[in-house]
Amino acid sequence: MRQIHHGPMTGRTVLVTGGTAGIGRATALGLATMGARLAIVGRDPGRAEDAAREIRAAGGGQADVFVADLTSQSQVRRLAGEVLERLSRIDVLINNAGGYWHTRHVTADGLERTFALNHLAPFLLTSLLLDRLEHSAPARVITVSSHAHTAGHIDFDDLQGERSYSGSRAYDQSKLANVLFTYELARRLRATSVTANALHPGVVSTSFGAEDPAGVQRLLVPFLRPFMKVPAQGAATSVHLASAPDLKEVTGGYFAGGKPRRSSKRSHDQAAAARLWHVSADLAGLTTDPRV
Ligand SMILES: NC(=O)c1ccc[n+]([C@@H]2O[C@H](COP(=O)([O-])OP(=O)(O)OC[C@H]3O[C@@H](n4cnc5c(N)ncnc54)[C@H](OP(=O)(O)O)[C@@H]3O)[C@@H](O)[C@H]2O)c1
């Protein structure tokens, strides 16, 4: 096993949700080779251990495994409790886990699954870990959104797609929610040394959406795969946001291709961001904290 004693991320602890596969696993590997201590979250203990073994081999350091289904709020709360018990510091939280479903699914909490996993889970997990992030500051919260956010619209009258559901509408809405959440979080953390940024990883060849794909996706993706980024390329912007020294104080940004980009007009709607925050706190059963 290679031991990395002095890398640019040595001494930093990074928690990556969805660190067992795809972009998240490549992000964890990239940061481990820079010397970070990694902690990953996934649903399946076998897949998570397999990823952790590869991360340990790449970085030589520790790789902690946390098992939780992030579509369940009770599991997010249990996860946060375990993280607080086992990780004395969190320098970087990467909200990466996400999914797409062509048909509507309902979680144990009675919420639509895309909204629950892609938006509410990062919202709740970040809120529950915020004290530890502040305690570890300077710290960074990174949320993996998508260029798909530009097509997104927050339908406050039908957030859960009960009246009408489309996989792409639910996904685009959740990815816009990631950017609105990031900007609102950055505003709320202005007086702290915890930053919040969102990103688009590119179009990346992973298992994304494979559980319940749209017909067109099933037909086209095999032909498009050769033109897609490989996971390590898709992880580059997450790795950059987690590690670049010159981004230490950069907050409230949206990045793609390693560079700051302008996100959609709707993502800059502060009233919508504040409203989404309150609705999310309500749905996640969070009592209002003046800071968050
Ligand atoms: N791929 C792309 O082209 C693309 C483009 C734009 C944005 N993105 C975004 O990038 C992020 C990562 O996507 P990816 O392409 O790497 O997808 P992926 O290959 O499907 O990986 C998803 C990861 O999330 C975890 N995960 C899924 N459901 C979970 C749940 N309920 N609880 C806990 N963990 C869960 C999976 O772990 P287990 O299965 O082991 O639980 C896996 O590690 C997503 O937020 C996606 O929206 C991807």
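How many bridges join β5 to β6? Select the two strands and you'll find six, with β5 and β6 running parallel. Keep in mind as you click around that this is a predicted model.

**The sheet**

Zoom out and colour by strand. You're looking at an open sheet of eight strands, in the order β3-β2-β1-β4-β5-β6-β7-β8, with mixed pairing. Its edge strands are β3 (63–67) and β8 (259–260), each of which pairs on one side only. While you're over by β3, pick helix α2 (residues 45–59): α2 packs on the sheet and touches β2 and β3, and its direction makes about 165° with that of β3.

For a landmark between β5 and β6, show Val144 and its bridge partner in β6, Leu199.

**Into β4**

Next, select β4 (92–95). Side chains in a regular strand alternate between the two faces of the sheet. Here, Val92 and Ile94 sit on one side, Leu93 and Asn95 on the other, and all of them are buried, leaving both faces of β4 covered.

Now add the neighbours. β1 pairs with β4 in the parallel sense over three bridges; show Val16 and you'll see Ile94 as its bridge partner in β4. Four bridges join β4 to β5, and these two strands also run parallel. Across that pairing, Val92 stands opposite Arg140 in β5.

To follow the chain from β4 to β5, bring in helix α4 (residues 113–135): together, β4, α4 and β5 make a right-handed β-α-β unit.

**An enclosed helix**

Go to α8 (residues 236–243). Is α8 largely enclosed or largely open? Six of its eight residues are buried, so the rest of the structure largely encloses it. Highlight Thr237, Ser238, Val239, Leu241, Ala242 and Ser243 to see the buried ones.

What covers them? Among the elements over those buried residues are α1 (22–33) and the strands β1, β4, β5, β6 and β7. Turn the view and you'll see α8 lying across those five strands, β1, β4, β5, β6 and β7, at about 165° to β5.

**The ligand**

Last stop: select the ligand and the 28 residues around it. Nearest are Gly18, Gly22, Arg43, Gly98 and Thr206, so label those. By class, the shell has eleven nonpolar, 13 polar and four charged residues.

Which elements supply at least two residues of this shell? Both α1 and β2 (37–42) do, and α1 gives the most, with three. You've already met α1 as part of the cover over α8.

Terms used: Residues are numbered from 1 along each chain as its sequence is written. This is a predicted model: local features need pLDDT of at least 70, side-chain atom pairs count only at pLDDT 80 or more; totals for chains, interfaces and linings use all residues. A residue is buried if 20 or more other C-beta atoms lie within 10 Å of its own, exposed if 12 or fewer, and partly exposed in between; C-beta atoms are placed from the backbone. Two residues are in contact if their C-beta atoms, placed from the backbone, lie within 7 Å. A residue is near a molecule or strand if its C-beta atom, placed from the backbone, lies within 6 Å of it. Ala, Val, Leu, Ile, Met, Phe, Trp, Tyr, Cys and Pro count as nonpolar, Asp, Glu, Lys and Arg as charged, and the others, Gly among them, as polar. Two strands pair if DSSP finds at least two bridges between them. A crossover is right-handed if, with the strands pointing away from the viewer, the path from the first strand over the helix to the second runs clockwise. Axes are lines fitted to C-alpha atoms, for helices over the stretch in contact, and angles run from 0 to 180 degrees between N-to-C directions.
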